[in-house]
Amino acid sequence: MLRSYLIDGVLAGAMVSVGGAVLLSCDNRYLGAFLFCIALLSICWFGFNLYTGKVGFLYRDHSRAALAEAFCGLLGNALGTLFFGALIALALPQLRDAALAACEKRLTQLPLQTLLRGCFCGLLMYTAVWVYREKKTPLGILFCIPVFILAGFEHSIADMFYFALAGLYRLRSLWFLLLVVLGNSLGGLFIPCLQALKGARHG
């Protein structure tokens, strides 16, 4: 079971890497933001294990199995982006400079800025996946993904790919990524937590 969660996490990391590569390849940022949707669409179609797509649902189901799935997903996502980021750096070396510039810029952010940008992305990721699951439509993905990219919010798994592609393996990079993971987690839990509070008050 854990191995399955981990493999699905690696595969989700691979698809995010593809999405990140196409985003960096596009001169038109609006087109790139739209095409990045292929990452989450593929993950939802195949049922791969993306941490940012799972964490918000832990409020409803925080069983041992759900927690294991989410955190094995996070580890698999990290391994997948690390591996496929290195492969894409070899396959498309022209993207490395773009990734390096983007990562260096990210490292100039204040910690609170990074955390908040992660929170807003987490909120949008939860919305995208919730709409896909509950409304049986990809419209949430097609709107929420371009919005978080164009707004400049931070997605931890995509950022893992950019840092791997750039070859930036520094302590500062790790600290940045941990802040984004925390922000994505808090943002993903924001809507379900407040909905539960609303329900409790009405009850």
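Mentor: A residue is called buried when its relative accessible area is under 20%. Please keep this cut-off in mind for the predicted model above.

Trainee: Which residues of H9 are buried?

Mentor: Ser-156, Ile-157, Ala-158, Asp-159, Met-160, Phe-161, Tyr-162, Phe-163, Ala-164, Leu-165 and Ala-166 are the buried residues of H9. Each therefore falls under the 20% cut-off.

Trainee: Why is H9 described as largely enclosed by the rest of the structure?

Mentor: The count for H9 is 11 buried residues of 11, so the helix is largely enclosed. H9 is followed by Gly-167, which has a positive phi, near 75 degrees.

Trainee: What does H9 give to the largest nonpolar core?

Mentor: This core has 51 residues, and H9 provides its largest share, 8 residues. Among the residues with the most contacts inside the core are Phe-36 and Phe-148.

Trainee: What makes Phe-36 and Phe-148 a contact?

Mentor: Contact requires heavy atoms within 4.5 Å. Phe-148 satisfies this with Phe-36, and also with Cys-121, Leu-124, Met-125, Phe-153 and His-155, when its neighbours within four places in sequence are left aside.

Trainee: Which elements line the second largest pocket, and what is the character of its lining?

Mentor: H5, H9 and H10 each supply at least two lining residues, and H10 gives the largest share, 5 residues. The pocket holds about 310 Å³ of space. Its lining comprises 12 nonpolar, 2 polar and 1 charged residues. Met-160, a buried residue of H9, is one of the residues that lie nearest the centre of this pocket.

Conventions: Residues are numbered from 1 along each chain as its sequence is written. This is a predicted model: local features need pLDDT of at least 70, side-chain atom pairs count only at pLDDT 80 or more; totals for chains, interfaces and linings use all residues. Side-chain values use heavy atoms; hydrogens and water are left out. A nonpolar core is a set of buried Ala, Val, Leu, Ile, Met, Phe, Trp, Tyr and Cys residues joined through side-chain atoms within 4.5 Å. Buried means under 20% relative accessible area, exposed over 50%, partly exposed in between (1.4 Å probe, protein chains only). Helices (H or I, at least four residues) and strands (E, at least two) are DSSP runs, numbered from the N terminus. On a 1 Å grid over the protein atoms alone, a cavity is a set of points where a 1.4 Å probe fits but cannot get out, and a pocket is an open set with protein on both sides within 12 Å along at least five of seven lines; lining residues have an atom within 4 Å of a point. Grid points are joined across faces, edges and corners, and a volume is the space filled by probe spheres set on the points. Ala, Val, Leu, Ile, Met, Phe, Trp, Tyr, Cys and Pro count as nonpolar, Asp, Glu, Lys and Arg as charged, and the others, Gly among them, as polar.
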